[in-house]
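User: I'd like to practise reading a structure with you, one feature at a time. Could you give me the general idea first and then the case at hand?

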Amino acid sequence: MDTRERLAAVFGKSLLAEGMKKEELEEFLSLSRVGLMSIGKGNVIFHDGDMPRCLYMLVEGEVHIQKDTFTGRRIFLSEIDEPGDVFGEVYLLLRKPYDMYVEAVKDTKLLAIDSGAFSLQEAAGNHAALLVQQNLMRVLARKAYFMHTKLKILASGSLRERIIRFLFWSMDAGGSVRLDITRETWASYLTVARPSLSRELGALQSEGILQVEGRNIQVLDKQAFESYL
C-alpha cells in the first residue's frame, strides 16, 4: 500500500469521513489545504502559546499532549496513538492559542488540514469539504459529551469512587470493560498518579470486587461495586 492509499484508508475510517463516498474522500484529500507531515521522534508539532493553523489527524506513530509547570516539570495530559484520531480542532475553531504542546514520541505521520478547509467559502464550493465540516461538528459534540461524563466522574469523592464510576460508564451489560487507553492515560484522566491507580485496582481485586487482566476488567461483586456509585 503506497502513501496515498494508506492516507485514504486511515482518513476513511475516521469520524471526519463518516458518510463519505470513496470519490468524496479522494476529492477532499486532493485539496491544496490538506497535506501529509512527517515528524521525527522527539520533535514538537506545536508549542504552548502558538496560534493554531491546522487540524491534525494521526496517520501513524504516536504523540503526547503535555504541559510544563512554572518550575519546568512536565505534566502528561493525554496520548494520541490511534490512526484517525484528531487533535487541535477546538483551538482552531475558537482561534485561541494552544495552552499545551504536542510532541512526537515515535516517528510520526500526520494529516494536516489547514483552517481554510473549514471556511464557509470552501464548503460552498466543495461538497466533500462541507461533509468534513459537518462531521467535525459531530466530533466536537462527542468530545463535549466525553467532558460532561468526565466531570461527573471527577466529582466523586475518593479515588475508588472515581474508578468505579469510570468503569460503570464504560462497561457492557455483563459487567465487562475492555479499556482502549493505557494505564498512564487512565491515571491522567482521573487526575492521580499511575501507582495510586494501580494500588487501588489491586485492592479492588484482592477484595473480590474486580478481576483485572491487563486492559480487561470484569466486575465480580456487583453489589459491592454499586455501593460506590
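What follows is a walk through sheets, a histidine, salt bridges and cores.

User: Before we start, what kind of model is this?

Analyst: It's a predicted model, so keep that in mind throughout.

User: Let's start with sheets. What is the strand order in the one that holds S1?

Analyst: The general idea: strands in a sheet pair through backbone hydrogen bonds, in either a parallel or an antiparallel way. Here, four strands make an open sheet, ordered S1-S8-S3-S6, with antiparallel pairing. Its edges are strand S1 (34-39) and strand S6 (86-87), each of which pairs on one side only. Inside the sheet, strand S3 (residues 54-60) runs antiparallel to strand S8 (residues 108-114), and six bridges join them. To get your register, take Glu60, which stands opposite Lys109 in S8.

User: And what is the order in the sheet that holds S2?

Analyst: That one is also open, with four strands in the order S2-S7-S4-S5 and antiparallel pairing. Strand S2 (44-46) and strand S5 (74-80) are the edges, each pairing on one side only. From one strand to the next, the twist averages 35°. You can walk across it pair by pair. S2 is joined to strand S7 (residues 101-104) by two bridges, with Val44 partnering Glu103. S7 and S4 pair over four bridges, antiparallel. S4 and S5 then pair over six bridges, again antiparallel, and there Lys67 stands opposite Ile75.

User: How many residues sit between S4 and S5 in their hairpin?

Analyst: Five residues lie between them, and in that turn Gly72 has a positive phi of about 95°.

User: Now a single side chain. Is His64 buried or exposed?

Analyst: For this you compare the relative accessible area with a cut-off: under 20% counts as buried. His64 has 12%, so it is buried. His64 sits in strand S4 (residues 63-68), and its bridge partner in S7 is Glu103. The His64 side chain makes a polar contact with the Glu62 side chain at 2.9 Å. Setting aside neighbours within four places in sequence, His64 is in contact with Phe76, Ser78, Glu79, Tyr101, Val102, Glu103 and Val105.

User: Glu103 keeps coming up. Which residue does Glu103 form a salt bridge with?

Analyst: In general, side chains of opposite charge can pair when their charged atoms come close. The structure holds five salt bridges, and one of them joins Glu103 to Arg74, with the closest N and O atoms 3.2 Å apart. Glu103 belongs to strand S7 and Arg74 to strand S5, so the pair ties together parts 29 residues apart in sequence. Glu103 is buried, at a relative accessible area of 13%, whereas Arg74, at 48%, counts as partly exposed.

User: What do I look for when salt bridges share a partner? Which residues form one network here?

Analyst: Look for a residue that turns up in two pairs, and follow it from one partner to the next. Glu200 forms a salt bridge with Arg160, the closest N and O atoms being 2.7 Å apart. Glu200 is in helix H8 (residues 194-206) and Arg160 in helix H6 (residues 159-170), so this pair links parts 40 residues apart in sequence. Arg160 also forms a salt bridge with Glu207, where the closest N and O atoms are 2.8 Å apart. Glu207 is in the loop between H8 and strand S10 (210-213), so here the parts tied together are 47 residues apart in sequence. Arg160 is buried at 10%, and Glu207 is partly exposed at 45%. Through shared partners, Arg160, Glu200 and Glu207 join into one network.

User: Last one: the nonpolar core. Which residues touch the most other members of the largest core?

Analyst: When you read a core, ask which members touch many others, then ask which elements supply them. The largest nonpolar core has 26 residues, and Phe11, Leu16, Met20, Phe28, Leu111 and Ile113 touch the most other members. Helix H1 (3-12), helix H2 (22-29), S3, S8 and helix H5 (127-154) each supply at least two residues, with H5 giving the most, six. Leaving aside neighbours within four places in sequence, Met20 is in contact with Phe11, Leu25, Phe28, Ala128, Leu131, Val132 and Asn135. Apart from this core lies another, of 22 residues, including Ile164, Leu204, Ile209 and Ile217.

Note on methods. Residues numbered from 1 in each chain as written. Predicted model: local features only at pLDDT ≥ 70, side-chain atom pairs only at ≥ 80, totals over all residues. Heavy atoms only, no water. Pairing = 2+ DSSP bridges. Core = buried A, V, L, I, M, F, W, Y, C linked by side-chain atoms within 4.5 Å. Buried < 20%, exposed > 50% of the residue type's maximum accessible area, 1.4 Å probe, protein only. Contact = heavy atoms within 4.5 Å. Axes fitted to C-alpha atoms, helices over the stretch in contact; angles between N-to-C directions. Polar contact = N/O pair within 3.5 Å; in protein donor to acceptor, adjacent residues only side chain to side chain. Salt bridge = Lys/Arg side-chain N within 4 Å of Asp/Glu carboxyl O.
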